[in-house]
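Okay, thanks for coming, everybody. I'll put the structure up and then walk you through a few parts of it.

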Amino acid sequence: MIFKDRVALITGGGRGIGRAIALKLAAKGADIVIADLTPDAAGQTAKEIELLGRRVLALKVDVGCADDTQKMVEDAVDAFGGLHILVNNAGITRDRLLLRMSEEEWDSVLTVNLKGAFNCTRAAVRHMSRERYGRIVNIASIVGLTGNPGQANYSASKAGLIGFTKTVAREFAARGITCNAVAPGFIDTAMTQAMPERARNALTSHIPMARLGTPEDVAEGVAFLASDAASYITGHVLSINGGMFM
Ligand code: NAP
């Protein structure tokens with residue numbers, strides 16, 4: 001129960017990787033705030049967290065909207081009396097080769113994946129700074145390190161998130177707040193299930209461990225970075241990719 005008496009907020013915590021992170025932190029004692037765009041999956045995950053005996057709050061939030069994220073942090077602190085861990089996990093893809101990519105496809109991905117993390121972090125660190133304690137974990141991606149054809153918008157957002165992580169780490173290190181990122185490889189969620197089978201098989205052949213990662217593989221890394229065992233680690237990018245990029 002390493003997160004007993006801690007409150008963790010996970011954006012996009014209703015499904016996929018975010019759901020696994022929410023369940024992992026709850027299983028280790030944290031009360032959980034899930035912030036999702038649509039309430040359906042969030043409600044189901046919230047029920048599972050309640051069954052673990054934790055308190056849970058499911059909020060409808062668009063991370064791209066600064067007013068939503070400000071209210072999200074206020075609601076979390078009002079409900080549970082604090083906010084100790086923020087996981088910026090909400091993310092989308094709108095893949096297309098650069099020459100065909102629309103301005104809307106560029107803007108929507110940058111707004112959710114990068115501005116979303118900015119909005120949530122800025123709202124949360126105001127509270128964390130006063131408490132002189134905080135753990136922020138950003139969910140980046142392997143393609144923020146390597147690039148990927150068809151993902152100019154997505155890879156730019158994730159590379160930007162890595163730069164953002166390092167700056168937040170430097171600005172808030174003296175206030176007891178750490179900020180780290182994880183860079184997952186290809187993880188078995190709705191995001192990658194949308195790929196054609198042939199493309200998935202081709203990708204798997206490039207993974208030394210010869211399998212896609214699971215959401216739980218990512219949740220383990222996040223739980224470590226959010227814990228006091230990682231209190232002297234900040235500005236780090238932890239690859240969780242089965243050896244695909246090293
Ligand atoms: P997913 O299954 O598609 O889930 C995405 C989550 O983000 C959903 O809960 C969704 O909420 C939420 N979301 C989307 N837009 C939002 C917004 N504007 N405001 C609030 N919540 C929003 O994706 P995933 O595979 O679990 O990915 C989670 C994170 O890991 C993303 O940042 C992704 O880029 C990153 N990642 C994934 C992989 C992979 O292979 N899957 C690899 C590297 C990195 P709704 O359900 O309400 O739409």
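So, the accessible surface: the protein shows about 11,600 Å², and 53% of that belongs to carbon and sulfur atoms. Those areas come from the Shrake-Rupley method with a 1.4 Å probe, and for residues, only the protein chains shown count as cover.

Before I go on, this is a predicted model, where local features need pLDDT of at least 70, side-chain atom pairs count only at pLDDT 80 or more, and totals for chains, interfaces and linings use all residues. Residues are numbered from 1 along each chain as its sequence is written, and side-chain values use heavy atoms, with hydrogens and water left out.

Of the 246 residues, 51% are buried, meaning under 20% relative accessible area, with exposed being over 50% and partly exposed in between (1.4 Å probe, protein chains only). Is the overall radius of gyration what a compact globule of 246 residues would have? The radius of gyration is 17 Å, which agrees with the value near 18 Å for such a globule; the radius is taken over C-alpha atoms, and the globule rule is 2.2 Å times the number of residues to the power 0.38.

Now the secondary structure. There are nine helices and seven strands, where helices (H or I, at least four residues) and strands (E, at least two) are DSSP runs, numbered from the N terminus.

Let's start with helix 1, residues 16–27. Its end C-alpha atoms sit 17 Å apart, which agrees with the 16 Å that its twelve residues should span at 1.5 Å a residue; the expected span is 1.5 Å times one less than the number of residues. Nine of the twelve are buried, among them Ile17, Leu23 and, yes, Lys24. What do the buried residues pack against? Their partners include strand 1, strand 2, helix 2 and helix 9, going by contact, so heavy atoms within 4.5 Å. After helix 1 comes Gly29, with a positive phi near 110 degrees.

Next, strand 2 (residues 31–36) pairs with strand 3 (residues 56–60) in the parallel sense, over five bridges; a pair needs at least two bridges by DSSP. Ala35 stands opposite Leu59 of strand 3. Put helix 2 (residues 39–51) with those two strands and you've got a right-handed β-α-β unit. Right-handed means that, with the strands pointing away from you, the path from the first strand over the helix to the second runs clockwise.

Last stop: Lys115, in helix 4 (residues 103–131). Lys115 is partly exposed, at 40% relative accessible area. Beyond its neighbours within four places in sequence, Lys115 touches residues including Val63 and Gly64. Ala66 is 49 residues from Lys115 in sequence, yet 8.9 Å away C-alpha to C-alpha.
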